[in-house]
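Grab a pencil and keep the 3D view open. Below are some exercises, each with a solution that goes step by step.

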Amino acid sequence: MGKSIIFTVDLEDWFTDGRQIQVESWDNYELMIETNVYAILSLLAKHNAKATFFILGWIAYKKPRLIQEIHAMRHEVASHGYAHELVYTLSEEKFRTDVRRSKLTLEDIIGAEVIGYRAPCFSMTRWGLDILKEEGFIYDSSIVPRTYHDLYSRLYESVENPFFEIIEQFWEVSLPTLSIGPLQIPWGGGGYFRFYPYPLFIYGVRKWISSGNPYIFYIHPYDLDPEQPRRTDYSRLNRLRRYYGLKSTRNKLERLIGQFECKSIVEYYPLLQQQNNRKWETQYEEDGQLFAHSPQ
Ligand SMILES: [Zn+2]
């Protein structure tokens, strides 16, 4: 077993990226999430590995049993928002509503506090971090320093240590970017993991780790699924980003999980769990539909 890395999954389906297909019409599409999530869960179980699952609230609402299974397998359940809307396109009020709804939905399903958040397409803003803290989150994992991806936000040019207290009593677990010549290339996974040959990807991971930094990996369930429906609303670039290398990803993922000791974020940073001293409690309102929870 090699060094330990942080393993994360952005749990969303092939049509829930919120770009062209909006949340109002998601019910018209077939959910393909379960097979792919079970594939990831079985790879993790085989190697006794743990992960943080950043789960879309809408998916959790549709597939609560799946989320309960993830929690029962002692993986960390965290939030990826409710409707996958890019943070910098939302008003502060709308963002607050979205993250609150996702947190309550997940907590109601698993019966435990949710303390972590990852923004859709790494679209975090400065005010978004304040709102997350106010809503009871303990950490964010949405910053990819110095990237040129058209959707990611450019909140930080560089970070000294990928794990840091970004505002008082609130932490950031930022994603790796490698310097190659004049370029900074995101090296956290997703499409980049599909795109590079495995030895090259691992070379980058080792380079990152050898500089003393914790390595954070992420993958989507659809990254493993060559059978997923092809989106006709994507540009050529987005099709390349989404569909390149799908067939070999499962095999690469198995090699990665076998090669490194994979941990969830709270397992890697017990400090975060220690900050969470809230007592989780659900309160149903009179009509039985709405719920709120009262920390402490
Ligand atoms: Zn996402």
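**Exercise 1. A pair in a helix**

Does Arg126 count as buried, partly exposed or exposed, and what is its relative accessibility?

*Solution.* A quick reminder before we start: the model you're looking at is predicted.

Step 1. Look up the relative accessibility of Arg126, which is 41%.

Step 2. Compare that with the cut-offs: buried is under 20%, exposed is over 50%, and partly exposed is in between. So Arg126 counts as partly exposed at 41%.

Step 3. Now find its partner. Arg126 forms a salt bridge with Asp130, with 3.4 Å between the closest N and O atoms. Both residues sit in helix H5, four residues apart, and that's about one turn of the helix.

Step 4. Check the partner in the same way: Asp130 has a relative accessible area of 29%, so Asp130 is partly exposed too.

**Exercise 2. Another pair, another helix**

Work out where Lys103 and Glu107 lie, and whether each is buried or exposed.

*Solution.* Step 1. Locate the two residues: both are in helix H4, and they're four residues apart, about one turn of the helix.

Step 2. Look at how the side chains meet. Lys103 and Glu107 form a salt bridge, and the closest N and O atoms are 2.8 Å apart.

Step 3. Apply the cut-off of under 20% for buried. Lys103 has a relative accessible area of 2%, so Lys103 is buried. Glu107 comes in at 0%, so Glu107 is buried as well.

**Exercise 3. A bridge between distant parts**

Which parts of the chain does the salt bridge between Glu135 and Arg96 link?

*Solution.* Step 1. Start with the bridge: the side chains of Glu135 and Arg96 meet at 2.9 Å, N to O.

Step 2. Place each end. Glu135 is in the loop between helix H5 (126–134) and strand E5 (139–140), while Arg96 is in helix H4. The two are 39 residues apart, so you can see that the pair links distant parts of the chain.

Step 3. Sort the ends by exposure. Glu135 counts as buried at 11% relative accessibility, whereas Arg96 is partly exposed, with a relative accessible area of 26%.

Step 4. Put the bridge in context: a search of the whole structure turns up 11 salt bridges.

**Exercise 4. The zinc site**

Which residues coordinate the zinc ion, and how are they spaced in sequence?

*Solution.* Step 1. List the donors: Glu12 (OE), His80 (NE2) and His84 (NE2) coordinate the zinc ion at 2.0 to 2.1 Å.

Step 2. Write the spacing as a pattern, E-x67-H-x3-H.

Step 3. See what that spacing does. Glu12 lies in the loop between E1 and helix H1 (33–46), and His84 in the loop between strand E3 (76–79) and helix H4 (92–110), so this pair ties together parts that are 72 residues apart in sequence.

Step 4. Check the surroundings. Glu12 counts as buried at 2% relative accessibility, and His84 is buried at 3%.

Step 5. Look at one residue that touches the site. Asp17 lies in the loop between E1 and H1, and His84 is among its contacts beyond four places in sequence, along with Arg231, Tyr234 and Arg242. Asp17 has a relative accessible area of 3%, so Asp17 is buried.

**Exercise 5. A buried strand residue**

Where is Leu11 found, and which residues is it in contact with beyond its neighbours within four places in sequence?

*Solution.* Step 1. Find Leu11 in strand E1 (residues 4–11).

Step 2. Read off its accessibility: at 0%, Leu11 counts as buried.

Step 3. List the contacts, leaving aside neighbours within four places: Ile33, Val37, Phe53, Phe54, Ile55, Leu56, Ile59, Ile70 and Pro221.

**Exercise 6. Empty space inside**

How many cavities of 30 Å³ or more does a search of the whole structure find, and what lines the largest one?

*Solution.* Step 1. Recall the idea: rolling a probe the size of a water molecule over the atoms shows where empty space is left.

Step 2. Count the cavities: the search finds two. The largest holds about 50 Å³ of space.

Step 3. Look at the lining of the largest cavity. It has 11 residues, and Val144, Leu175, Pro186, Gly188 and Tyr218 lie nearest the centre.

Step 4. Sort that lining by type: nine residues are nonpolar, two are polar and none is charged.

How values were computed. Residues are numbered from 1 along each chain as its sequence is written. This is a predicted model: local features need pLDDT of at least 70, side-chain atom pairs count only at pLDDT 80 or more; totals for chains, interfaces and linings use all residues. Side-chain values use heavy atoms; hydrogens and water are left out. On a 1 Å grid over the protein atoms alone, a cavity is a set of points where a 1.4 Å probe fits but cannot get out, and a pocket is an open set with protein on both sides within 12 Å along at least five of seven lines; lining residues have an atom within 4 Å of a point. Grid points are joined across faces, edges and corners, and a volume is the space filled by probe spheres set on the points. Ala, Val, Leu, Ile, Met, Phe, Trp, Tyr, Cys and Pro count as nonpolar, Asp, Glu, Lys and Arg as charged, and the others, Gly among them, as polar. Buried means under 20% relative accessible area, exposed over 50%, partly exposed in between (1.4 Å probe, protein chains only). Contact means heavy atoms within 4.5 Å. Donors are N, O and S atoms within 2.8 Å of the metal (3.2 Å for Na, K and Ca); water is not among the atoms, so sites may look incomplete. A salt bridge is a side-chain nitrogen of Lys or Arg within 4 Å of a carboxyl oxygen of Asp or Glu.
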